[in-house]
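User: Could you take me on a close look at the part of this model that holds the ligand? I would like one connected walk through the surroundings.

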Amino acid sequence: MKMVVQGEARLTGEVEISSSKNAVLPVLAATLLTEEKVVLRKVPFIEDVKVIKFLLKELGVEVKEDKKDLNIIGQARYNHPPYEMVKKIRASFLLMGPVLATKGLVRVSLPGGCAIGTRPIDLHLKGFKALGAQFTFSGGDIIARVNKLKGTHIYLDFPSVGATENIMMAAALASGTTYIENAALEPEIVDLANFINSMGGKISGAGTNIIRIEGVKELKGTEYSCIPDRIEAGTFMLAAAATGGDVLINNVIPEHVKAITAKLIETGVEVEERGSQIRVKGQKKINPVYIKTMPYPGFPTDMQAQFMAYLSCADGSSIITESVFENRFMHVQELMRMGASIKIEGKTAIIKGVSKLHGTEVIATDLRAGAALLIAGMMAQGSTTVTNSYHINRGYENVVEKLRALGADIKEV
Ligand code: UD1
């Protein structure tokens, strides 16, 4: 699959943001915590969701689709999700917490996902161990067992999003109370806590760095819709800014994209917040800026590549430091093939603005790198072909249709 985009676009009009990929994936895993029916509303049609749906079915759960709603019934009957699917996305590892909590035994392969660093899972395992689980390793799989998970204090060395989620899910059915200290603060953590609480869970403090999870005997069915996707919203904000466009973004929580808004304003863009809408008006001249990616509420690593594409045509030199992942500059090579002038020194990229990018064939190495190349393609002179575009479909719902509705000349072939 590849996407072909014509350059010198100017995006105008309105776009509707879908539910958050990174909220929906853990929430789908957490449906395993109840025997009863869960109805999830407005679930995005993206590849990563398909993979988790498939894995839930493989575990013996009934998953019925009703337009954009999912009806999910039953807990895991099996405890070994198949490797061919697990390796596709790192979020499959989020099945470990709920299956361990309900079955006392789980076997999962080491996770896959984007090629953006080693992405260890030591913090997830540290959490499960503190809750009483024991591990063995066999044939690339981790096998975890426990009689009954017991509440405890867990300090995370880094506020990992996935570890916070996995531990929260496991602890929701543990005996006693668990405290996660130095927990991740991301809005998706709060959404997962709200979801578990809507099933009768007792979680407080989500969104702060100490989360308290009082274990309950069982959780009940519920109906839930996840928060809007702040990274999809951010990507459209960048696409609007980079094309000197004027776009109204609907279904966004402005507070969730504050770091992106702040940086865009520094570059000279007009950003107007109106309730659940944000209007972004791009300008011809892009001021260079300094960015350092950080855990929430800092600047999101998932927006680093898109911002770099935009800054490649700034009026001066910008600096981006990636502090969350160790190898997240795979897009740099591709942007340089389009004429960008970027130098990497360790975790820092120095982006010297050029007057124009030029369309060519480039490779999407991961999801957000792919989004960045689409933005670069719309800014460039001529036509850009982004190969391996399946990475983009992993996380952006109907991205081609949405961009076309804003006036972009783009197709997937
Ligand atoms: C989630 C998001 C991803 C985003 C990332 C950081 C999902 C499905 N994915 O990924 O889009 O880029 O948060 O905002 O929600 N780490 C360890 N040990 C661990 C776990 C993580 O050292 O056990 C390290 C990682 O290697 C990385 C950093 O912590 O350097 C952040 O990872 P983490 O917050 O766990 O990200 P994910 O949950 O994988």
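Analyst: Happy to! Let's begin with an acidic side chain: in this predicted model, a polar side-chain atom of D302 sits 2.6 Å from an oxygen atom of the ligand. How much of the ligand does the protein cover? On its own the ligand would expose 740 Å², and 85% of that is buried by the protein.

D302 is also among the closest residues to the ligand, together with D122, L123, S160 and V324. In total, 17 residues surround the ligand. By class, that shell is made up of seven nonpolar, five polar and five charged residues.

Two further polar contacts are worth finding on your screen. R90 places a polar side-chain atom 2.7 Å from an oxygen atom of the ligand. At V161 the partner is in the backbone instead: a polar backbone atom there is 2.8 Å from a ligand oxygen.

Now for the helices behind these residues. Both α5, spanning 122-130, and α6, spanning 161-171, give at least two residues to the shell. Which element supplies the largest share of the shell? That is α5, with three residues.

So if you are tracing the site by eye, you can start from D302 and its 2.6 Å contact, go on to the side chain of R90 and the backbone of V161, and then follow α5 and α6 through the parts they lend to the shell.

Technical notes:
Residues are numbered from 1 along each chain as its sequence is written. This is a predicted model: local features need pLDDT of at least 70, side-chain atom pairs count only at pLDDT 80 or more; totals for chains, interfaces and linings use all residues. Side-chain values use heavy atoms; hydrogens and water are left out. A residue is near a molecule or strand if one of its heavy atoms lies within 4 Å of it. A polar contact is a pair of N or O atoms within 3.5 Å; within protein, one must be able to donate a hydrogen and the other to accept it, and residues adjacent in sequence count only if both atoms are side-chain atoms. Accessible areas come from the Shrake-Rupley method with a 1.4 Å probe; for residues, only the protein chains shown count as cover. Helices (H or I, at least four residues) and strands (E, at least two) are DSSP runs, numbered from the N terminus. Ala, Val, Leu, Ile, Met, Phe, Trp, Tyr, Cys and Pro count as nonpolar, Asp, Glu, Lys and Arg as charged, and the others, Gly among them, as polar.
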